[in-house]
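User: I want to learn how terms such as cavity and pocket are applied. Can you take me through them?

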Amino acid sequence: MEQKTAYLVDFDGTITTRDLSSELAAYYGGNEYMKIENEYRRRNIPIKIWLRRIARHLPPDLKLLETKALQWADIRPGFERFLEHARENDSPVIVASDGFGFYIEPIFEEKGFLSKVSRIYRNETYESPQGLKIKNPHAHRICEVCGNCKAAHVVGLKEEGYSVIYIGDGSNDRFGASWSDFICARDSLAKICREQNFNYSQWIDFYDIIKVKKPESYDRSLISLCCPLGDGVK
Ligand SMILES: [Mg+2]
């Protein structure tokens with residue numbers, strides 16, 4: 001029997017051309033954003049801490065932030081055709097984001113995509129008297145690197161019997177990608193795949209993803225960058 005395939009797709013900078021969490025951070029955070037961003041780029045802080053620190057500099061007004069995100073949301077070419085292709089092939093599309101995430105459903109709703117994705121795993125951003133706060137319902141139980149453990153989502157899909165195609169752009173996608181059966185990478189993720197000697201396919205838009213053949217599922221536990229079922233990052 002032919003193996004079923006699932007797509008694990010990052011949101012910011014992958015489905016959208018711009019990283020909306022970074023754009024909101026830069027817009028409202030100014031110099032404070034640059035300090036936090038530089039710490040992150042030097043790998044002094046993980047993405048989970050990046051998000052929490054940035055949240056302090058955003059106005060605690062989700063309606064306002066959602067309006068900005070909807071204004072700035074530009075969907076990468078071919079995404080709608082990709083969703084149709086996935087449905088024709090009975091391949092679920094799972095979206096996983098380690099950004100603020102609150103804008104994903106409103107953007108999908110506006111563009112008509114919401115019913116076409118199977119699952120959305122994202123952080124929860126909420127207003128509190130102390131300002132904007134983050135909850136990480138999909139974090140690893142002890143690992144402090146990712147707010148949303150995309151590696152666990154990939155491993156979970158493999159346990160459900162799927163081979164997994166990972167589609168991403170950011171450095172933090174490396175953990176989930178390292179567990180997948182085929183990596184479609186651009187930007188920072190592509191650079192890391194080269195450094196790690198991971199096989200990957202460079203992609204520009206979702207028409208490139210449609211051309212990718214279904215991979216076989218195989219065990220990645222020895223070369224993966226973290227242990228989602230163990231203690232997290234290696
Ligand atoms: Mg991204």
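Analyst: Start with the grid. On a 1 Å grid over the protein atoms alone, a cavity is a set of points where a 1.4 Å probe fits but cannot get out. Points are joined across faces, edges and corners, and a volume is the space filled by probe spheres set on them. The model is predicted, so local features need pLDDT of at least 70 and side-chain atom pairs 80 or more, while totals for chains, interfaces and linings use all residues. Residues are numbered from 1 along each chain, and side-chain values use heavy atoms, without hydrogens and water.

User: How many cavities of 30 Å³ or more does the search find?

Analyst: One, in the whole structure. The largest cavity holds about 90 Å³ of space.

User: What makes K150 a lining residue of the largest cavity?

Analyst: Lining residues have an atom within 4 Å of a point. K150 is on that list, as are H140, C143 and F175, among others.

User: Why is K68 called buried?

Analyst: Buried means under 20% relative accessible area (1.4 Å probe, protein chains only; exposed is over 50%, partly exposed in between). K68 is classed as buried, therefore its value falls under that 20%.

User: How do you know that K68 has no salt bridge?

Analyst: A salt bridge needs a side-chain nitrogen of Lys or Arg within 4 Å of a carboxyl oxygen of Asp or Glu. The nearest side chain of opposite charge to K68, E23, is 11 Å away. Therefore the 4 Å limit is not met.

User: Which residues does K68 touch, not counting those up to four places away in sequence?

Analyst: L24, Y27 and Y28. Contact means heavy atoms within 4.5 Å.

Technical notes. Lys, Arg positive; Asp, Glu negative; His and termini not counted. 1 Å grid on protein atoms, 1.4 Å probe; cavity = no way out; pocket = protein on both sides within 12 Å on 5 of 7 lines; lining within 4 Å.
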